[in-house]
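Here is a friendly walk through one protein chain, from a pair of strands to the packing inside and on to the confidence values. Have the viewer open as you read.

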Amino acid sequence: MQPNPQYSGASFETHPFRAKAMRPTGTVTLLFSDIDGSTRLLRSIGAQRYENALAQHRVLLRDAFARHAGYEVDTAGDSFFVAFAHALDAVQAALDAQCALSAHEWADGEAIRVRMGIHTCEVTVTGSGYVGMGVHRAA
């Protein structure tokens with residue numbers, strides 16, 4: 001799967017699917033992700049190539065999350081925090097993301113591996129996201 005070049009720089013606010021996802025409340029399924037060995041990867045390929053790989057990673061994951069009504073709560077560095085109203089959506093989004101990462105033709109044959117954790121729990125909605133013991137367990 002190749003990312004749509006039109007959206008290769010899509011940010012949290014401007015991603016084309018962002019408006020479709022509503023922030024789920026009550027019992028939600030949280031997905032956290034991060035690139036496995038990102039520091040080692042940065043050292044081995046250099047800042048410019050890592051920046052490009054990170055941007056491609058973001059597009060692939062955002063597309064997968066959006067296709068399954070994922071609400072992007074936060075992102076930092078190489079990680080995502082996404083909420084889903086239904087556990088099956090989170091699992092399908094993770095599967096789609098992993099398939100997209102695996103199928104992507106990375107520069108110079110580098111493979112980007114991404115860890116993902118999924119947890120269903122009760123949350124309290126705050127102005128900027130969620131709080132609760134389940135959020136801490138998921139992270």
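## The hairpin

Strand 2, which covers residues 71-76, pairs with strand 3 in the antiparallel sense, and 5 bridges join the two. This is a predicted model, so please read every value here as computed from predicted coordinates. Within the pairing, Glu-72 of strand 2 has Val-82 of strand 3 standing opposite.

The two strands form a hairpin with 2 residues between them. If you check the backbone in the turn, you will find Gly-77 at a positive phi of about 60°.

## Two nonpolar cores

Which residues have the most contacts inside the largest nonpolar core? They are Leu-61, Phe-65, Phe-84 and Ile-112, in a core of 23 residues. At least two residues each come from strand 1 (27-35), helix 1 (38-45), helix 2 (47-67), strand 3 (79-84) and helix 3 (87-103). Helix 2 gives the most, with 7 residues.

Phe-84 is a good place to zoom in. Leaving aside residues up to four places away in sequence, Phe-84 touches a list of partners that includes Pro-24, Val-28, Leu-31, Phe-65, His-68, Asp-89 and Ala-93. A second core, separate from the largest one, has 13 residues, among them Ala-21, Ala-83, Tyr-130 and Val-135.

## The two sides of helix 1

Now turn to helix 1, where the buried residues are Ser-38, Leu-41 and Ile-45. Looking down the helix axis, these buried residues fall within an arc of 60°, so they line one face of helix 1. They pack against strand 1 and helix 2.

On the other side of helix 1, Arg-40, Arg-43 and Ser-44 are exposed. Just after the helix comes Gly-46, which takes a positive phi of about 90°.

## How confident is the model?

The protein chain has a mean pLDDT of 86, and 86% of its residues reach 70 or more. Which helix has the highest confidence in the protein chain? Helix 3 does, at a mean of 97, while confidence is lowest in helix 4 (residues 133-138), at 83.

One stretch calls for care: over residues 1-13, pLDDT stays under 50. The model has 23 contacts beyond four places in sequence for these residues. Where pLDDT is low, the predicted coordinates should not be read in detail.

Notes: Residues are numbered from 1 along each chain as its sequence is written. This is a predicted model: local features need pLDDT of at least 70, side-chain atom pairs count only at pLDDT 80 or more; totals for chains, interfaces and linings use all residues. Side-chain values use heavy atoms; hydrogens and water are left out. A nonpolar core is a set of buried Ala, Val, Leu, Ile, Met, Phe, Trp, Tyr and Cys residues joined through side-chain atoms within 4.5 Å. Buried means under 20% relative accessible area, exposed over 50%, partly exposed in between (1.4 Å probe, protein chains only). Helices (H or I, at least four residues) and strands (E, at least two) are DSSP runs, numbered from the N terminus. Contact means heavy atoms within 4.5 Å. The arc is that of the directions from the helix axis to the C-beta atoms. Two strands pair if DSSP finds at least two bridges between them. pLDDT is the predictor's confidence in each residue, from 0 to 100.
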